[in-house]
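Colleague: Could you pick one part of this model and go through it closely? Please state the cut-offs as you use them.

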Amino acid sequence: DIHLTMVQTLAITGAVAPKQGKPRSKSLNLRLTENELIKIENCAQKIGKTRTDTIMYGIKLIEDELKK
């Protein structure tokens, strides 16, 4: 599927925001559906962050909600 190949290529070679703060040295491999990957890519692009920063932002929102 050409669309999936394009998404996978973007996921590997997509624009990366400048590195800031503490360097990340740990890795986590996730198995995602095509739709899940597209959602992460779209969110990251809309907020101008990397996929990792976007996911961490979502986790922070959940943590903040759980503290209420």
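Modeller: What follows describes one helix, its surroundings and its contact with a neighbouring helix.

This is a predicted model, so local features are given only at pLDDT of at least 70 and side-chain atom pairs only at pLDDT 80 or more, while totals for chains, interfaces and linings use all residues. Residues are numbered from 1 along each chain as its sequence is written, and side-chain values use heavy atoms, with hydrogens and water left out.

The protein has three helices and zero strands, in the order α-α-α along the sequence. Helices (H or I, at least four residues) and strands (E, at least two) are DSSP runs numbered from the N terminus. Of the 68 residues in the protein, 12% are buried; buried means under 20% relative accessible area, exposed over 50%, and partly exposed in between, with a 1.4 Å probe and protein chains only.

The part chosen is helix 2, residues 34–47. Its 14 residues reach 20 Å from first C-alpha to last, close to the 20 Å expected at 1.5 Å a residue, where the expected span is 1.5 Å times one less than the number of residues. Leu37, Ile40, Glu41 and Ala44 are the buried residues of helix 2. Viewed down the axis of helix 2, these fall within an arc of 95° and so line one face; the arc is that of the directions from the helix axis to the C-beta atoms. An α-helix has 3.6 residues a turn, so residues three or four places apart point the same way. On the face of helix 2 turned away from the buried side are the exposed residues Lys39 and Lys46. Gly48 follows helix 2 and has a positive phi, near 70°.

Helix 3 covers residues 51–66, and its axis comes within 9 Å of that of helix 2, crossing at roughly 95°. Axes are lines fitted to C-alpha atoms, for helices over the stretch in contact, with angles from 0 to 180 degrees between N-to-C directions. The two helices are therefore roughly perpendicular, a label for angles of 65 to 115 degrees; under 35 is roughly parallel, over 145 roughly antiparallel and the rest oblique. Contact (heavy atoms within 4.5 Å) involves Leu37, Ile40, Glu41, Cys43, Ala44 and Ile47 of helix 2 and Arg51, Thr54 and Ile55 of helix 3. These residues divide into six nonpolar, one polar and two charged; Ala, Val, Leu, Ile, Met, Phe, Trp, Tyr, Cys and Pro count as nonpolar, Asp, Glu, Lys and Arg as charged, and the others, Gly among them, as polar.

Thr54, in helix 3, counts as buried at 11% relative accessibility. Leaving aside neighbours within four places in sequence, Thr54 is in contact with Cys43, Ala44, Ile47 and Lys49.
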